[in-house]
Amino acid sequence: MTEYYRPTKAVIDLNAIQKNLQAFKERSGKAKVIAVVKADAYGHGMVEVAEKALENGVEWLAVATPDEALALVERKIRANILVMGHTPAAFIPVAQRTGITVAAISLDWLLMAGRAIDPDLPRLKIHLKIDTGMRRVGVQAEEAGEALRMVRSRFFSLDGIFTHFATADEDQNDLFQRQVKTIASVVEEINDPALMVHVSNSAAASLHPELAFDAVRVGISLYGIAPSSYVENNMPFDLAPALGLETEIIHVKQVKAGETISYGATYRCEQDEWIATLPIGYADGMLRGLQGQEVLVRGARVPIVGRICMDQCMIRLPEKMPVGEKVQLIGRQAGAQIRIEEWAEKLGTIAYEIPVNLTKRVPRIYC
Ligand SMILES: *Cc1c(COP(=O)(O)O)cnc(C)c1O
């Protein structure tokens, strides 16, 4: 086991991930749960999360890139793996050899892949991506018939069909309804019960179990994070946040009234104040915009004061505390809690951005 000499760490609760997974399984009835582990499992650690998911009966993992899929194969993760994003020609024979499933994202892509396929290797497994309104990647609904003809004339194994919603995390809306209608009509047109149909992300899997089809692709909420406040307010079950971020005080001193803290002298002590230094900064993913954000010490909320530095930041304590005192930046401490969503709000962004921006310097510890 690697040793770490800095007390700053992300503690990942794999049992929370297991709980969330079970909740989505129950919610989705007969449909399978595809565990989305792209971007290092949203910063939680791809291999560890994948192993936990497989232990719990998950058969499918989804990633964004060919390299992520290959990393899973190289770590001996035995599951069906779907690359949801773009796969280039050079990867086609690798996918054939490893059995990785890739997304067919356009008619041009099918042409390219058809040429790149090595006929001496097993068939290339694909899932056909239909663009029903996200306008990112995918075959247009009107092109589905043509795509099928192309697939049948080449060395493909077409095993699935999927789409992705642009507004599933909002209140009922036209675009969402149109996307649902479009994919339903394409599925009907193709009319092949052997194909695995999957359309739902975390938001749709939470709010619309009737759209589960054969599988749901659960990403953010596998990690106990709601996709949006709308979904959070309408969640049919509780999510268990999986990521805690913690550190310890490394330095404490009393700063006199009128003195300032950190670069730019943006914070001035109004009275004599106990100021502690924490060994975490923006190079760890604690972005500068979090100046003023609260952290937990002895179960109490205390603010980050002054600019956040690359490797360190300062907090204002209610009283003198010793070096080594535990500080919880995200997660629970003595009945209090700071959630990733709170950081996102402070930063004016979505919760997805927070864990993926915790950098490699922050070790992930599993419990
Ligand atoms: C990332 C992604 C998902 C997972 O979305 P969440 O909102 O995190 O559940 C599902 N499908 C596709 C195509 C994706 O890119």
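**Figure 1. Polar contacts of the ligand in the predicted model.** In this predicted model, a polar backbone atom of Gly-219 lies 3.0 Å from an oxygen atom of the ligand. Two side chains also place polar atoms beside the ligand. For Lys-38, a polar side-chain atom is found 2.8 Å from a ligand oxygen atom. For His-164, the partner is a nitrogen atom of the ligand, and the distance from the polar side-chain atom is 3.3 Å. On its own the ligand has 390 Å² of accessible area, of which the protein covers 92%.

**Figure 2. Residues surrounding the ligand.** The shell consists of Lys-38, Tyr-42, Met-84, Arg-136, His-164, Asn-201, Ser-202, Arg-217, Gly-219, Ile-220 and Tyr-352. Sorted by class, these residues comprise four nonpolar, four polar and three charged members. The shell includes Gly-219, whose contribution to the polar contacts comes from a backbone atom. Lys-38 and His-164 also belong to the shell; Lys-38 directs a polar side-chain atom to an oxygen atom of the ligand, whereas His-164 has a polar side-chain atom 3.3 Å from a ligand nitrogen atom.

**Figure 3. Surroundings of Lys-52.** Helix H3, which covers residues 46-55, contains Lys-52. The relative accessible area of Lys-52 is 13%, and the residue is therefore classed as buried, the limit for that class being under 20%. When residues up to four places away in sequence are left aside, Lys-52 touches Leu-14, Asn-15 and Gln-18.

**Figure 4. Domains of the chain.** The domain assignment places residues 14-225 in domain 1 and residues 243-338 in domain 2. Taken over C-alpha atoms, the centres of domain 1 and domain 2 are 42 Å apart. The C-alpha trace of the chain spans about 80 × 45 × 35 Å along its principal axes.

**Figure 5. Fold composition, burial and surface of the chain.** Twelve helices and 21 strands make up the secondary structure of the chain. The chain has 367 residues, and 52% of them count as buried. Among contacts in the chain with a separation of 6 or more, 67% join residues 24 or more positions apart. The exposed area of the chain is about 16,700 Å², with carbon and sulfur atoms supplying 48% of that area.

Note on methods: Residues numbered from 1 in each chain as written. Predicted model: local features only at pLDDT ≥ 70, side-chain atom pairs only at ≥ 80, totals over all residues. Heavy atoms only, no water. Near = heavy atom within 4 Å. Polar contact = N/O pair within 3.5 Å; in protein donor to acceptor, adjacent residues only side chain to side chain. Areas by Shrake-Rupley, 256 points an atom, 1.4 Å probe, with all protein chains shown as cover. Nonpolar A, V, L, I, M, F, W, Y, C, P; charged D, E, K, R; others polar. Domains from an automatic or database assignment. Helix = DSSP H or I, 4+ residues; strand = E, 2+ residues; numbered from the N terminus. Buried < 20%, exposed > 50% of the residue type's maximum accessible area, 1.4 Å probe, protein only. Contact = heavy atoms within 4.5 Å.
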